[in-house]
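Please walk through this model with the sequence at hand, starting from one residue and moving outward to the chain as a whole.

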Amino acid sequence: MAPGLLWLCNWSTLAVCAALKLPQISALLAARSARGLSLPSLLLELAGFLVFLRYQCYYEYPLLTYLEYPILIAQDVILLLCVFHFHGNVYRAAPYVALFVASWYVLTLQKWIIDLAMNLCTLISAASKLAQLQCLWKTRDSGAVSALTWSLASYTCAVLIRFVVMLALNLWVTATVLHYRKMAVKAE
């Protein structure tokens, strides 16, 4: 039973990650706005994904242990471009893209750099969630933020038990998005 459950958890997480950001991208395109979405949150998340992927590649882990990360990074890059597009200038994303590409190489200049960065990954990911929460609290508007994306992210954290803190933060963001969505509906 345990190998079958592990197989189900691994493949369901991979499937969810393959489509994780699609509801968010769709919500941004439908709203034609990035209202409610935190740019710092997105950049921190992308940094965390990049560090995790680089670490896995550096230590030559099997591809199936990190296959979702290239998919998530691609979706986050699309999301980043959408955010800059709706803020009026997609070219403002170029310095961030250049920074992430340079970081890919800098992370492995010394073994201690990649190890330290990996140790900070949970903190970076938590900061990402807190930045999104801060944006929602500040604006009191969930705008184009997708509750489905945050719910799916909660699922992936629940399956990977070691991410209990991320699960709690993802659920908190989901609840906040839904809370402000209800407030917006009542106001209309």
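Between which two helices does the loop that holds Ser 38 lie? In this predicted model, Ser 38 sits in the loop that runs between helix H2, residues 22-31, and helix H3, residues 39-58. Although Ser 38 is a loop residue, its relative accessibility is 6%, and Ser 38 therefore counts as buried, the limit being under 20%. The side chain of Ser 38 comes to 3.1 Å from the backbone nitrogen of Ser 41, and, once residues up to four places away in sequence are set aside, Ser 38 touches Ala 131, Gln 132 and Cys 135.

From this loop the path leads into helix H3, where Val 51 has its place. With a relative accessibility of 7%, Val 51 also counts as buried, and its contacts, again leaving out residues up to four places away in sequence, are with Leu 107, Ile 114, Ala 117, Met 118 and Cys 121. One of these partners, Met 118, is 67 residues from Val 51 along the chain, yet the C-alpha atoms of Val 51 and Met 118 are separated by 6.3 Å.

A further residue to inspect is Asn 119, which is found in helix H6, a helix made up of residues 111-119. Is Asn 119 buried or exposed? Its relative accessible area is 62%, and because a value over 50% counts as exposed, Asn 119 falls into that class. The C-alpha atoms of Asn 119 and Gly 143 are separated by 33 Å, while along the chain these two residues are 24 places apart.

Stepping back to the whole chain, one finds that its secondary structure consists of 9 helices and 0 strands. The radius of gyration is 17 Å, close to the 16 Å that the globule rule gives for 188 residues, so the chain is as compact as a globular protein of that length. Along its principal axes, the C-alpha trace spans about 55 × 45 × 25 Å. Of the contacts between residues at least 6 apart in sequence, 79% join residues that are at least 24 apart, and the contact between Val 51 and Met 118, residues that lie 67 apart along the chain, can be read as an example of such a pair.

As for burial and surface, 44% of the 188 residues count as buried, while the chain exposes about 10400 Å², of which carbon and sulfur atoms supply 70%. The chain carries 13 positive and 7 negative charges, and the mean positions of these two sets are 9 Å apart.

Conventions. Residues are numbered from 1 along each chain as its sequence is written. This is a predicted model: local features need pLDDT of at least 70, side-chain atom pairs count only at pLDDT 80 or more; totals for chains, interfaces and linings use all residues. Side-chain values use heavy atoms; hydrogens and water are left out. Helices (H or I, at least four residues) and strands (E, at least two) are DSSP runs, numbered from the N terminus. Buried means under 20% relative accessible area, exposed over 50%, partly exposed in between (1.4 Å probe, protein chains only). The radius of gyration is taken over C-alpha atoms; the globule rule is 2.2 Å times the number of residues to the power 0.38. Contact means heavy atoms within 4.5 Å. Accessible areas come from the Shrake-Rupley method with a 1.4 Å probe; for residues, only the protein chains shown count as cover. Lys and Arg count as positive and Asp and Glu as negative; His and the chain ends are not counted. The place of a charge is taken as NZ of Lys, CZ of Arg, CG of Asp or CD of Glu. A polar contact is a pair of N or O atoms within 3.5 Å; within protein, one must be able to donate a hydrogen and the other to accept it, and residues adjacent in sequence count only if both atoms are side-chain atoms.
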